Amino acid sequence: MRSITKIGLAMGVALLAAAPVWAHHAFAAEFDGKTPVKLQGTVTKMEWINPHAWIHIDVKDKDGKVTNWMVECGTPNTLLRRGVNKNSVTPGMEIVVDGYQAKDGSNKANGRDVTFADGRKVFLGNTGTGGPGDAPEK
Amino acid sequence: MKLRCVVVGVLTAVMAASTAAQKTWTPPRTADGQPDLEGVWSNATITPLERPADLAAKAFFAPSEVAAYEKRVVENANVDRRRSDITADVGLAYNEAWWDRGTHVVKTLRTSLIVDPADGKIPALTAEGERRAAAVAEQRRLHPADGPEDRGLTERCILWPTAGPPMMPSAYNNNYQIFQGPGYVAIMVEMIHDVRIIPLDGRPHLPPNVRQWLGDSRGHWEGNTLVVETTNFTNKTRFRGSSEDLHLTERFTRTDPDTILYEYTVNDPATWTKPWTAQVTMTKSDSRVYEYACHEGNYGMVGMLEGARAEEKNSAKAGAK
Amino acid sequence: MRDTFRNLIIGAATVGMLASAALPAAAQATISRGPRTADGKPNLNGIWQVLTEANWDLQGHAAAAGPMIPLGAIGAMPPGQGVVEGEEIPYKPEALATKKANFANRLKLDPEVKCYLPGVPRATYMPFPFQIVQTPQFILISYEYANAARTIYMKDPGPAPVDSWMGQSVGHWEGDTLVVDVTGFNDQSWFDRAGDYHTDALHVVERYTLHGADTLMYEATIEDKNVFTKPWKISMPVYRRLEKNVQLMEFKCVEFVEELMYGQYRKKPANP
Amino acid sequence: MAKRFWIVTLIGAICLAAPPPKPANYVPPRTADGQPDIQGVWNNATLTPLERPAAMGSKAFLTPAEAAAFEKAAVDSNNRDRRGADAASDVAGAYNQAWFDRGSKVVPTLRTSLIVDPDDGRIPYSADGQKRMAAAAEYARTHALDSVEDLALADRCLLWATAGPPMLPGPYNSNYQIFQAPGYVAIAIEMIHDVRIIPLDRRPHLPGSVRQWLGDSRGHWEGNTLVVETTNFTDKSHFRGATANMRLTERFTRTDANTLTYDFTVDDPATFSKPWTASIPMTKAPGPIYEYACHEGNYAVPGILGGARKQEAAAK
């Protein structure tokens with residue numbers, strides 16, 4: 001960390017500040033930092049739509065009651081360029097979502113981190129789609 | 001640690017070579033004799049619009065500095081910024097997987113997109129510009145989400161800076177496809193499927209009472225440079241606080257097979273004390289423009305408005321207790 | 001004498017030939033070659049618009065009152081002779097029931113009410129102009145309605161990665177006809193305001209043929225095994241817009257439906 | 001009221017006579033594209049009613065003397081100042097002849113009805129047809145002025161009998177202008193500015209699902225007679241009780257420079273036991289066709305319905 005030069009730091013700060021402005025919408029406006037959620041469930045539908053992709057998952061609670069959650073992800077077009085396509089995430093997949101619940105209290109959350117049970121990231125160009133882009137990450 | 005490392009494209013001598021070659025290369029011609037700008041281009045870049053404070057005096061990076069700088073910026077963007085402060089964390093909800101801000105500085109190696117004024121900063125606002133900016137900020141502060149009109153044009157799926165005009169690099173989807181037919185240059189902007197069809201026949205602009213989100217553009221060729229004049233902006237577009245009297249001049253020059261130097265001059269005396277100019281290098285892409293149907297899937301808008309209503313109810317309840 | 005006589009005959013023959021060339025395009029047996037691009041293809045560049053009432057209802061229909069009483073005659077449906085070859089759309093029985101339910105609930109369900117992208121072929125016959133910018137590898141169609149747009153790839157880029165509203169268009173020339181194969185649709189768009197719909201199995205093949213300099217003949221064959229018993233075809237002429245300095249303008253209609261779609265979430269709703 | 005006129009004239013001149021002779025074999029001029037020329041402004045007003053009045057019994061034709069007497073009596077009666085004995089009948093007789101243009105002549109054939117077949121000059125209703133007509137009458141009686149749909153089509157400015165089709169003479173404005181162009185005959189109808197554009201190229205009718213107030217007409221020439229087939233009627237026009245499946249055949253034959261004989265045959269098995277035919281002479285008129293903008297000035301409908309509502313409120 002120490003080796004970051006002044007330039008890097010400055011740039012980093014600028015970038016940081018810029019990030020939320022550039023998002024399709026400020027997540028804080030829709031999701032509530034005070035209600036984090038951890039959802040483990042089965043994908044029922046994957047909506048590859050703009051401005052945000054949405055994963056629909058069935059989440060079973062301790063006594064087996066199933067509720068369907070909608071998880072907001074980023075813009076899909078970026079991933080299409082890395083070889084992700086509609087077969088990358090299909091109904092039946094088991095995933096774990098770390099995120100925050102929607103402010104209006106509905107069963108919606110944002111996908112802060114969306115991983116497989118074994119911790120592998122879901123949204124990488126290399127999830128078995130052999131797409132270009134980032135190096136496989138363990 | 002879910003740090004996702006990104007292979008950093010290391011720019012070496014290639015960069016220097018292409019800037020030097022700019023002068024001698026002449027673009028091929030389209031079927032009807034126009035310099036050929038066709039193809040898919042991206043203007044993603046990590047170079048910010050305005051020069052960061054700590055680089056105040058430095059207009060250009062030396063070629064040797066570029067690689068290290070780029071590496072740091074990209075890594076910094078990818079660090080898993082789990083924050084203790086929850087709202088900041090929520091605000092940074094994505095990691096790099098979702099962004100596509102680009103991994104390179106502009107090929108001109110400038111430290112900012114702005115080239116004039118020389119300090120790389122947007123010139124001072126006029127008094128009216130200050131007043132207008134303050135009014136907008138106040139409105140936003142008092143009415144963050146009373147209705148859809150209070151949200152930004154991107155959140156309303158109406159207009160993204162990538163379309164502008166001017167066409168600004170943004171968080172992602174910085175993709176354009178240029179088509180040239182006889183008498184026309186057409187620019188398809190991926191986000192939000194806006195197509196700028198620019199007639200080259202010197203016809204007059206639309207009547208001044210006709211205002212359009214993307215204004216009304218007219219183009220002509222000066223040698224190998226396409227010059228595009230755009231007027232007729234609405235008073236709702238507000239590019240960085242601009243007024244509806246914004247007069248924009250854009251210049252497209254293909255400097256080598258893989259680069260278009262895109263330069264725009266913002267002239268809006270009602271807002272800035274003097275005109276200012278920026279340059280972005282657009283790089284040829286072998287990808288394609290995908291559909292960005294934004295409005296059709298805009299669950300976010302409902303979420304934001306309902307979120308605001310929920311908060312009001314809660315604070316009302318809290319107040320009533 | 002003989003020469004003058006011969007010249008006379010030749011003169012008459014040429015006049016005859018010239019006369020036939022001057023015959024109106026429709027009278028000539030083959031479709032006139034029409035204007036050409038530099039690479040020898042029919043020149044489809046220009047601003048075009050359909051005049052039929054297909055967007056109200058692809059099938060023949062009488063005029064009818066509209067769903068919004070306060071609009072009066074403005075909201076009424078104009079009559080149309082229909083553009084479907086063979087009059088009827090060959091719905092499967094259960095699918096016809098869905099279409100009728102769609103029509104009954106059209107103010108809630110028709111994507112056009114919400115300014116959603118029109119899909120194909122509906123984008124062609126929306127009551128708005130569209131512009132074709134034709135290049136050898138790509139043909140851009142930019143629609144004034146909701147700034148919808150399509151790039152027709154003359155080289156097949158492979159299957160569409162995800163479903164989309166406007167689908168993925170791959171074109172090729174068959175003689176003087178541009179044939180466009182469109183796949184990769186989602187199931188959201190409608191074909192018209194009468195509730196005619198499809199699923200994501202939709203496959204459309206369009207044909208654009210110049211018919212004289214200022215008219216295009218447009219055909220579209222529509223196929224969806226989930227909804228129709230067999231492929232069916234629509235066809236209609238498209239007319240070039242000839243006004244001076246004509247250009248596409250903006251109809252970015254998202255702004256016009258925000259009250260409809262989000263008004264209820266306002267802090268102070270207009271009509272609570 | 002109409003029946004009383006007939007009885008009066010009959011008493012005056014009771015003698016039977018053969019119908020007048022058929023006109024000589026007139027050959028009409030031709031339009032530029034070779035169609036028999038039926039262009040010009042025509043009027044089909046006549047004192048002869050569609051159906052033979054019951055009082056006439058089996059009398060198919062008037063004698064010339066009877067016709068002349070009748071015409072004089074009819075015109076005088078129409079012009080009489082019918083100040084009624086009581087207010088109601090006075091209001092009913094509100095207009096005198098100055099406002100009407102029912103014509104001043106019976107048909108040249110002196111027939112006692114426009115209907116030529118069946119011989120009795122009456123509409124041959126089937127049992128079903130009669131049942132439906134009775135039911136409609138009963139409904140009208142009990143819901144006279146509930147809503148605008150209960151008013152006559154003419155009162156609603158939707159459709160007048162002069163347009164039909166078939167095109168019957170009205171109390172006024174029975175004026176038509178015919179235009180002919182290659183492949184088309186067009187009939188402009190003054191009331192209510194309806195234009196029937198009849199293609200002659202034998203193209204198919206509109207799809208059966210498409211229903212129009214004036215139906216969908218196709219024409220062709222048989223010698224000097226224009227034959228027009230019309231189908232695709234709505235289930236709202238009910239010409240004399242007919243259903244939407246009515247098939248109408250009209251025949252236009254110019255019999256002399258100033259006369260266009262217009263015959264029509266109505267075929268609707270659900271309403272009429274057999275097809276029936278009527279013949280109406282159209283006589284050349286100076287014209288022009290004036291604009292008849294009906295709906296734009298229709299104060300009557302709000303007056304009628306408003307009045308009914310007011311009376312209902314008062315009765316409560």
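This is a short conversation about how to read several features of a predicted model.

Visitor: Let's begin with chain C. How many helices and strands does chain C have?

Guide: Chain C has 4 helices and 9 strands. Going along the sequence, the elements of chain C appear in the pattern α-β-α-α-β-β-β-β-β-β-β-β-α.

Visitor: What holds strands together in a sheet?

Guide: In general, the strands of a sheet pair through backbone hydrogen bonds, and they may be parallel or antiparallel. In chain C, 9 strands close into a barrel, in the order β1-β2-β3-β4-β5-β6-β7-β8-β9, and the pairing is mixed. On average, neighbouring strands of this sheet are turned by 30 degrees against each other, with direction ignored.

Visitor: Could we look at one pair in that chain? Which way do β2 and β3 of chain C run, parallel or antiparallel?

Guide: They run antiparallel: 5 bridges join β2 (residues 130–134) to β3 (residues 138–143) in chain C. To find your place on screen, start from Phe130(C), which stands opposite Tyr143(C) in β3(C).

Visitor: And how much of chain C counts as buried?

Guide: Of its 272 residues, 48% count as buried. The accessible surface of chain C comes to about 13,200 Å², and 61% of that belongs to carbon and sulfur atoms. As for contacts in chain C with a separation of 6 or more, 56% come from residues 24 or more positions apart.

Visitor: Now a hairpin, please. How many residues lie between the strands β6(B) and β7(B)?

Guide: There are 2 residues between them, and in this hairpin Gly223(B) takes a positive phi near 65 degrees. The strands themselves, β6 (residues 216–222) and β7 (residues 225–231) of chain B, run antiparallel and are joined by 7 bridges. Within the pair, His220(B) stands opposite Val227(B) in β7(B).

Visitor: What sign of phi should I expect for residues other than glycine?

Guide: Most of them have a negative phi, and most peptide bonds are trans. Here are two residues with the other sign. Cys157(B) is not a glycine, yet its phi is near 60 degrees. You will find Cys157(B) in the loop between α4 (127–142) and β3 (175–181) of chain B. His193(D) also has a positive phi, near 35 degrees, and is found in the loop between β4 (184–189) and β5 (194–199) of chain D.

Visitor: Why does Cys157(B) count as buried?

Guide: Cys157(B) counts as buried because its relative accessibility is 4%, and the cut-off for buried is under 20%.

Visitor: Where can I find cis peptide bonds in this model?

Guide: One joins Asn50(A) and Pro51(A), with omega about -10 degrees. Pro51(A) is in the loop between β1 (31–47) and β2 (54–60) of chain A. Another cis bond joins Asp117(D) and Pro118(D), where omega is about 10 degrees. Pro118(D) is in the loop between β2 (115–117) and α4 (127–142) of chain D.

Visitor: One last stop, in chain A. Is Ile55(A) buried or exposed?

Guide: Ile55(A) counts as buried, because its relative accessibility is 0%. Ile55(A) is found in strand β2 of chain A. For a distance to check in your viewer, the C-alpha atoms of Ile55(A) and Val43(A) are separated by 6.9 Å, with the two residues 12 apart along the chain.

Terms used: Residues numbered from 1 in each chain as written. Chains lettered and ligands numbered in written order. Predicted model: local features only at pLDDT ≥ 70, side-chain atom pairs only at ≥ 80, totals over all residues. Heavy atoms only, no water. Pairing = 2+ DSSP bridges. Axes fitted to C-alpha atoms, helices over the stretch in contact; angles between N-to-C directions. Buried < 20%, exposed > 50% of the residue type's maximum accessible area, 1.4 Å probe, protein only. Contact = heavy atoms within 4.5 Å. Areas by Shrake-Rupley, 256 points an atom, 1.4 Å probe, with all protein chains shown as cover.
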